[in-house]
Protein chains: 2
Amino acid sequence: MVKVDLSHAKLNEDVLSYQSEVSRIHRMIHDKTGKGSDYVGWVDWANTYDKEEFARILDCAKRIQDQAEVLLVCGIGGSYLGARAAIDMMTNPYGKKDLEIIYVGNTFSSTAVVRILDYIKDKEVACNVISKSGTTTETALAFRLIRQFMEEKYGETEAARRIYATTDAKNGLLKPLADKKGYETFVIPDDIGGRFSVITPVGLLPIAAAGIDINALMDGVKDATHDYNTDDLTTNAAYVYGVTRRILEKQGKSVEMFVSYEPHLVFLAEWWKQLFGESEGKEDKGLLPASVNFSTDLHSMGQFVQEGTKNLFETVIRVVNPIEDMVFPSDEGDLDQLNYLEGKSLNWVNEKAFEGTLEAHEITGNVPNVIIEIEKVDAYTFGYLVYFFFKALAMSVYMLDVNPFDQPGVEVYKRNMFRLLGKTK
Amino acid sequence: MVKVDLSHAKLNEDVLSYQSEVSRIHRMIHDKTGKGSDYVGWVDWANTYDKEEFARILDCAKRIQDQAEVLLVCGIGGSYLGARAAIDMMTNPYGKKDLEIIYVGNTFSSTAVVRILDYIKDKEVACNVISKSGTTTETALAFRLIRQFMEEKYGETEAARRIYATTDAKNGLLKPLADKKGYETFVIPDDIGGRFSVITPVGLLPIAAAGIDINALMDGVKDATHDYNTDDLTTNAAYVYGVTRRILEKQGKSVEMFVSYEPHLVFLAEWWKQLFGESEGKEDKGLLPASVNFSTDLHSMGQFVQEGTKNLFETVIRVVNPIEDMVFPSDEGDLDQLNYLEGKSLNWVNEKAFEGTLEAHEITGNVPNVIIEIEKVDAYTFGYLVYFFFKALAMSVYMLDVNPFDQPGVEVYKRNMFRLLGKTK
């Protein structure tokens with residue numbers, strides 16, 4: 001399902017020489033004996049999740065599609081990035097949709113908030129507010145504005161039928177508010193952190209509402225759970241990728257640049273950046289995650305990758321079969337001199353751009369390239385791929401002797417901001 | 001107009017100690033004696049540009065608005081990033097627009113191309129194709145498809161009235177094609193490279209079509225041209241920023257992270273990344289440009305900036321006055337415990353996020369922060385700001401003893417790709 005190709009990675013060491021360390025860490029992950037092991041609920045989630053709640057997600061997704069023209073997904077960080085990655089990957093951004101998804105509660109920008117409130121004034125809306133504690137300020141602030149708007153527009157009872165809260169099972173501020181108002185609620189598990197939550201109701205409700213098959217998505221997670229439950233580096237591609245990152249870091253790289261060749265994968269890169277950056281950016285360690293979309297950004301960032309400071313390696317996600325394709329037509333007179341491409345498919349051209357770039361960066365530019373290949377973009381593959389990345393990062397970050405599952409640094413700006421805002425409780 | 005605040009930049013050296021080097025390079029830029037000085041047409045462009053052509057741009061922008069529901073801006077790299085940065089900054093992304101702008105010709109993704117062709121089928125369209133040589137494959141390929149679509153839809157005569165070509169004055173493939181077909185054409189000057197071309201017809205036609213005041217934009221460029229025509233580091237903020245980047249590099253940083261607090265500045269960051277990355281990423285040198293949008297990305301990349309590898313500094317663009325603002329309302333019962341913000345403006349909250357983050361990153365995280373402050377987001381400020389960045393980068397890159405104005409590395413992937421595509425001429 002997911003292939004890792006290291007033949008362009010310029011490794012000075014054999015990945016297999018890490019087998020004993022990998023075996024030790026594999027046991028740590030599965031025996032829950034490593035740092036932060038209260039948060040490895042994702043490891044076997046595909047076999048343990050609440051089927052009754054999953055059925056409710058499917059029901060509510062249908063209800064949202066019936067109720068609304070616009071679904072406001074109100075959350076920040078892990079509470080929206082996974083859903084947005086999946087929805088951007090698997091839906092067409094152009095043209096009128098039965099249900100438009102707008103991501104809110106992820107910024108303090110007054111301009112963004114005012115514009116969205118203005119835009120939804122005459123729309124039929126539903127809202128999925130996603131916050132474990134209910135105290136994340138960006139999300140809580142936007143949700144107050146949306147809730148007041150919806151209660152004024154629909155009255156309190158109908159507004160409550162259109163608001164869905166994904167939150168802690170019992171603690172925090174959002175759960176009691178939801179209970180008091182009578183919202184349908186979904187649970188964010190205690191042992192799965194935000195950046196792993198795309199496979200929980202956090203991601204699944206918006207993804208299902210967008211019309212994506214979450215049964216297939218969870219089948220992908222389940223199959224990956226099975227396939228990557230081995231410490232054997234000759235078969236576990238996730239661990240191979242996890243080890244490779246550390247080898248390249250030892251070779252002097254401090255930046256990992258995630259590359260895709262499809263615009264609909266831009267938010268998969270954003271999701272990946274949180275997953276890896278937030279998991280390993282601690283104790284002055286870790287690879288800085290960055291991203292580009294080729295060939296678009298070959299005309300902006302390409303020069304730097306080709307000839308600039310040698311501080312980075314590229315991790316390229318390659319999709320074998322595109323969602324759409326067409327044959328390039330002939331043109332009379334050939335004034336643009338492109339008739340040599342007549343009869344070729346556009347995706348074939350994109351493939352040649354990938355191959356030409358790989359050669360340029362690896363051989364001429366001396367930049368290591370790790371290739372991650374998937375067959376196609378669909379819900380099953382998405383589920384499989386996210387689990388591949390989860391397992392890869394657990395291995396990779398434990399190799400740094402860092403807790404992959406906390407994010408203590410995120411609190412620092414919040415403490416300062418609360419002091420400046422005059423928050424007293 | 002543009003203030004640079006170094007009080008959080010943690011510099012070990014005094015910027016003013018670079019005065020003699022700055023004076024020497026300032027003369028190089030203005031006397032056209034530095035590397036690549038055939039490409040410094042932007043330096044005095046605000047005083048030399050063709051006023052008759054500018055008037056035609058205004059006319060054509062109006063004509064496009066009358067003709068079309070959708071303007072297809074067909075270009076890649078510098079041929080679309082500047083326009084997109086300006087248009088994203090100054091227009092509201094939500095709701096139906098009189099003229100929708102779609103950026104095409106910047107990818108080989110078959111999925112993206114097919115979806116756009118399908119979307120525009122029933123729309124009234126116009127196209128601005130932007131390519132100096134006419135041989136940039138992404139753009140030429142998309143333009144053939146769009147041209148054929150438009151000729152079929154409108155007939156050749158009416159299609160020609162809806163297609164505008166911005167290209168070389170006489171050389172290349174696009175100019176003869178445009179002349180033969182009878183397109184209105186605009187000139188890409190020989191002495192201004194793609195990443196500086198937002199102040200030429202390349203940027204100005206789409207920006208004007210989007211309803212933005214390009215007279216004000218050029219006024220901003222002109223005033224900046226005057227204000228930054230001095231080598232005095234006590235008054236030239238552009239040079240101060242240019243020098244600061246090099247000092248931080250000497251202090252061990254290899255990544256410059258561009259930070260904004262407004263979602264509508266995301267593409268300003270993309271434009272900035274091309275400008276700096278493509279100008280200095282040569283001879284194994286240069287700062288890798290990266291970008292984040294806060295507070296959104298504090299919940300994804302924030303952890304890494306706060307506590308990860310210390311390979312980066314932040315350059316924060318701060319907008320004093322937002323485009324839109326509102327007062328945060330009270331709520332009965334205060335179930336979300338946000339009543340302490342009652343009566344505050346949302347932008348005030350965003351300001352506190354900025355201040356709290358600055359303190360967190362600078363003091364707790366030990367990450368240098370360079371602050372670039374602008375009063376507001378409008379056409380005049382945009383023009384002023386882009387010239388600020390032009391002048392800053394010329395200084396900064398000449399300090400590396402690198403030609404800031406070529407991009408030899410971009411050709412490598414193209415050569416490989418053409419070989420793989422079987423192109424023979």
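Me: How much area do chain B and chain A bury between them?
Reply: This is a predicted model, where local features need pLDDT of at least 70 and side-chain atom pairs count only at pLDDT 80 or more, while totals for chains, interfaces and linings use all residues. Residues are numbered from 1 along each chain as its sequence is written, chains are lettered from A in the order written, and side-chain values use heavy atoms, leaving out hydrogens and water. Buried area is the accessible area (1.4 Å probe) that two parts lose on being put together, summed over both. Here 62% of it sits on carbon and sulfur atoms, and the total is about 10,300 Å².

Me: Which three residues supply 9% of the area that chain B buries against chain A?
Reply: The contact (heavy atoms within 4.5 Å) links 117 residues of chain B with 117 residues of chain A. No other three residues supply more of chain B's buried area than Arg115(B), Arg144(B) and His299(B).

Me: Which residue forms a salt bridge with Arg419(A)?
Reply: A salt bridge here is a side-chain nitrogen of Lys or Arg within 4 Å of a carboxyl oxygen of Asp or Glu. The rule finds ten across the interface of chain B and chain A. For Arg419(A), the closest N and O atoms are 2.8 Å apart, and the partner is Glu359(B).

Me: In chain B, which residue has the C-alpha nearest the axis?
Reply: Superposing by least squares on C-alpha atoms of residues with pLDDT of at least 70 in both copies, chain B lands on chain A with an RMSD of 0.0 Å after a turn of 180° and a shift of 0.0 Å along the axis. The two copies are thus related as by a two-fold rotation axis. At 3.4 Å from that axis, the C-alpha is that of Ala290(B).

Me: Which strands stand at the edges of the open sheet in chain B?
Reply: Strands are DSSP runs (E, at least two residues), numbered from the N terminus, and two of them pair if DSSP finds at least two bridges between them. The five strands go in the order 1-10-9-7-8, with mixed pairing. Each edge strand has a single partner, so one side is left without a neighbour in the sheet: these are strand 1 (2–5) and strand 8 (288–293).

Me: What is the bridge partner of Phe258(B) in strand 8 of chain B?
Reply: Strand 7 (residues 255–260) and strand 8 of chain B run parallel, joined by six bridges. In strand 8, Phe258(B) has as its bridge partner Ser291(B).

Definitions and conventions
Helices (H or I, at least four residues) and strands (E, at least two) are DSSP runs, numbered from the N terminus.
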